[in-house]
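Q: I'd like a close look at one part of this model, the enclosed space inside it, followed by a tour of whatever surroundings you can describe. Could you take me through it step by step?

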Amino acid sequence: MTNKHLLALLTLSAFAAIAHADNDGSKLWFVNNTKANAKVVVKTKATSTTDIAVNELRDAWHGGQVTLERKSAKGLTRESFTVSQKGGNVTITSPSDAGLMYGAYHLLRLEQTLGKDAYRDTLFTETPEHNIRMLNHWDNLNGTVERGYAGRSIFWNKPVPDASAVKGKNLSTSDSQLSTLTLYARANASVGINGTVLNNVNASPKMLSDSVLTMVKQYADILRPYNIKVYLAVNFSSPAVLDGLKTSDPLDKDVQKWWAAKAKKIYSMIPDFGGFLVKANSEGQPGPMDFGRTHADGANMLAKALKPFGGIVMWRAFVYSPSDPDRAKQAYIEFKDLDGKFMDNVIIQIKNGPIDFQPREPYSPLFGAMPETQEMAELQITQEYLGHSNHICFLGTMWEEFLNDIKKYANYTNNLRGYKYRAIAGVANVGDDANFCGNTMAQSNWYAFGRLAWNSNLTSKEIAREWVAQEIGKDNKSARTLENILLMSRETVVDYMMPLGFHHIFAEGHHYGPQPWQNNPGQRADWQCVYYHRADAKGVGFDRTVKAGSGATAQYPASFGNMVENINTCPDKYLLWFHHADWNHKCQTGRTLWNEMCYRYQNGLNGARQMLRMWNSTEGNIDSRLFNDIQEKMHIQVRDAEWWKDACLNYFQTFSKQPISDTTEPPVHSLNEVKKIRLGISNYENPSAKLLNSKR
Ligand code: BDP
């Protein structure tokens with residue numbers, strides 16, 4: 001790692017003008033904080049957390065005096081804060097130092113987004129909707145990041161020392177890593193993220209070794225002042241693999257003792273340790289079912305070990321054992337009957353959709369299906385299926401759609417109210433690149449996740465506007481343009497990749513480009529693209545109706561299930577998710593399915609071009625380094641949109657046997673050509689360098 005973040009930290013606010021003129025993204029959404037010298041009074045014992053609040057306000061708040069005071073009031077939770085104003089001066093109160101810090105960041109956000117007088121005559125209270133708002137890092141001990149497109153891990157970028165070397169020693173974190181982690185912590189705190197899982201769900205048993213725990217402790221110490229707890233993903237076989245126990249069976253007494261002792265050890269080092277995240281019996285990971293036990297047996301055994309210390313278990317529902325020929329049904333089948341069997345410090349962590357972070361999925365039917373069980377959503381911030389860090393794709397809109405659906409159909413708000421642990425997780429897009437996220441625009445997704453975790457009623461438009469204001473300034477002529485680019489981006493990506501309910505027609509392995517023809521004999525059927533689209537001479541799509549298909553629609557409440565069961569009421573955006581529709585099926589737009597497909601892919605390509613044109617129009621109003629960086633990405637995005645359109649229309653045309661519609665540009669790449677494209681990249685590499693050259 002270089003000193004890029006050290007510089008960013010040092011130059012924050014003090015040299016804001018210069019920083020802005022050379023925007024490499026390292027300052028995240030603090031780039032426009034200009035130097036202030038605010039008066040800040042703390043009516044509370046100073047702590048490292050209040051110090052953060054004071055320093056941030058002193059450096060960047062341009063309004064009147066700010067007073068911070070710890071104070072409880074009825075109806076407030078620990079992290080709530082109240083902001084009030086009298087005679088130009090502001091008071092922030094909260095039951096905790098963390099709440100005071102959140103109040104400080106909120107005040108600064110108001111200044112940046114609305115102007116420094118926005119606080120005038122205000123009295124308002126903010127209480128986070130979720131009390132656990134966390135990032136999941138899919139970081140490996142060797143420094144790689146699974147599905148990471150922003151460099152290497154910010155945590156595991158150095159060799160883990162062996163146990164004898166660390167015994168009794170206090171390992172120091174290098175200055176450059178410290179500055180990276182400090183900027184990371186600050187960014188999280190500014191949007192209210194209060195937890196982080198430091199490693200991949202495909203977890204190495206070594207995570208729980210003494211030497212790794214020593215490093216975890218260091219990270220916990222760095223993050224604590226920012227009110228961020230650390231959590232670890234654990235490998236269910238750790239007792240056997242790490243310490244040679246005969247088994248890792250959750251009902252075995254020695255195994256239980258092992259976990260209890262491990263928990264005790266962790267808490268002796270990290271008293272506020274958050275808990276464990278577990279991927280069990282999924283994609284080859286070990287789990288309780290290896291021993292004939294259930295998910296509940298496994299989760300409860302860990303929960304029992306953590307309970308005396310206040311820790312929690314987040315047990316993932318991303319499982320798909322072949323209990324049913326339709327993968328979209330499998331997690332529900334595996335979990336539904338376990339409702340009520342989990343301890344009260346277990347939360348079932350469910351991906352937003354039933355398959356796997358596709359550009360668009362209907363919500364997972366597990367939400368709301370386990371009324372006696374705490375559930376939490378897992379969103380993916382990193383763009384595994386959305387063009388990695390090459391495509392500009394603002395996810396606020398995607399998450400807004402999902403959250404609205406689970407509120408409407410799955411009783412989310414009520415369920416959440418009843419939970420002790422109201423949690424939400426986002427798979428991080430953070431790496432050690434100077435800009436942390438692979439490109440500056442992708443920072444908006446980290447930002448949006450935090451804001452929605454705090455308040456899921458914020459609209460994507462509000463969040464986009466906030467982020468833009470902090471990134472380029474609220475009075476910048478191009479602010480609305482950038483906001484519009486963000487707001488149209490996700491639908492554009494859906495259109496050029498997988499419109500109309502198409503899903504999982506990605507190239508295998510890296511999931512970057514299209515490969516709808518993928519069909520490897522001898523492998524699991526549900527790892528093949530043809531399994532998902534089922535194209536034939538009659539039509540295309542996965543019939544999940546009760547009437548004629550897999551019956552997945554019956555896993556939903558009637559309000560949603562009936563709507564999507566009927567092809568006439570199923571929204572076009574989910575058409576091919578739930579139906580095998582005829583090529584001549586009449587879509588809600590009035591076009592036939594085939595013509596609608598032509599229209600959508602063209603629309604996606606047009607959208608990508610429009611985003612580029614809009615971005616070009618900002619030249620001169622945007623820092624040139626940022627402008628050039630994003631312009632380069634958008635050129636790739638346009639090229640890829642063309643590639644997707646050509647690959648999908650050419651391929652599906654071999655089934656529909658219909659001509660490309662008049663309003664659609666004829667493909668520039670033949671089916672043979674696109675089939676030859678092999679990126680030859682692993683899950684970890686950024687593919688930008690290895691793509692096909694555009695013919696345009
Ligand atoms: C898929 C990813 C894979 C993850 C898995 C998971 O392709 O890398 O390990 O999900 O969430 O999206 O466990």
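How many residues line the largest cavity, and which of them lie nearest its centre?

A: Happy to. This is a predicted model, where local features need pLDDT of at least 70 and side-chain atom pairs count only at pLDDT 80 or more, while totals for chains, interfaces and linings use all residues. Residues are numbered from 1 along each chain as its sequence is written, and side-chain values use heavy atoms, leaving out hydrogens and water.

The largest cavity is lined by 16 residues, and A317, F318, A331, G353 and P354 lie nearest its centre. A cavity here is a set of points on a 1 Å grid over the protein atoms alone where a 1.4 Å probe fits but cannot get out; lining residues have an atom within 4 Å of a point. The volume of the largest cavity is about 140 Å³, counted as the space filled by probe spheres set on points joined across faces, edges and corners. Helix α11 (327–336) and strand β11 (346–351) each supply at least two lining residues, and α11 gives the largest share, 4 residues. Helices (H or I, at least four residues) and strands (E, at least two) are DSSP runs numbered from the N terminus. By type, the lining of the largest cavity has 12 nonpolar, 2 polar and 2 charged residues. Nonpolar covers Ala, Val, Leu, Ile, Met, Phe, Trp, Tyr, Cys and Pro, charged covers Asp, Glu, Lys and Arg, and the others, Gly among them, are polar.

The structure holds 8 cavities of 30 Å³ or more, and the second largest contains about 100 Å³ of space. Of its 13 lining residues, F30, Y105, L108, R109 and Q470 lie nearest its centre. α4 and α6 each supply at least two of the lining residues, with α4 giving the most, 4 residues. The lining of the second largest cavity divides into 6 nonpolar, 4 polar and 3 charged residues.

One of those central residues, Q470, is among the buried residues of α15. Helix α15 (residues 460–472) reaches 18 Å from its first C-alpha to its last, close to the 18 Å expected at 1.5 Å a residue; the expected span is 1.5 Å times one less than the number of residues. In α15, 10 of 13 residues are buried, where buried means under 20% relative accessible area, exposed over 50% and partly exposed in between (1.4 Å probe, protein chains only). Just after α15, G473 takes a positive phi of about 100°.

Helix α4 also holds E111, within residues 97–114. E111 is buried, with a relative accessible area of 12%. Beyond residues up to four places away in sequence, E111 touches A60, W61, H62 and K116 (contact means heavy atoms within 4.5 Å). The side chains of E111 and H62 make a polar contact at 2.5 Å, that is, a pair of N or O atoms within 3.5 Å; within protein, one must be able to donate a hydrogen and the other to accept it, and residues adjacent in sequence count only if both atoms are side-chain atoms. A60 is also among the buried residues of α3, and what covers those buried residues includes β1 (40–42), β2 (66–70), α4 and α6 (175–190).

Back by the largest cavity's helix, A328 and D326 are among the contacts of R544, as are I355, H503 and W577. R544 is found in the loop between β14 (539–540) and α18 (558–565), and at 0% relative accessibility it counts as buried. Its C-alpha is separated by 9.3 Å from that of V564, 20 residues apart along the chain.

Finally, the open space. The largest pocket has about 500 Å³ of space. Of its 29 lining residues, R147, E283, Y320, Y385 and H511 are the closest to its centre. A pocket is an open set with protein on both sides within 12 Å along at least five of seven lines. Its lining divides into 10 nonpolar, 8 polar and 11 charged residues. H511 is found in the loop between α16 (479–497) and α17 (529–533), and is buried at 9% relative accessible area. The phi of H511 is near 60°, a positive value in a residue other than glycine.
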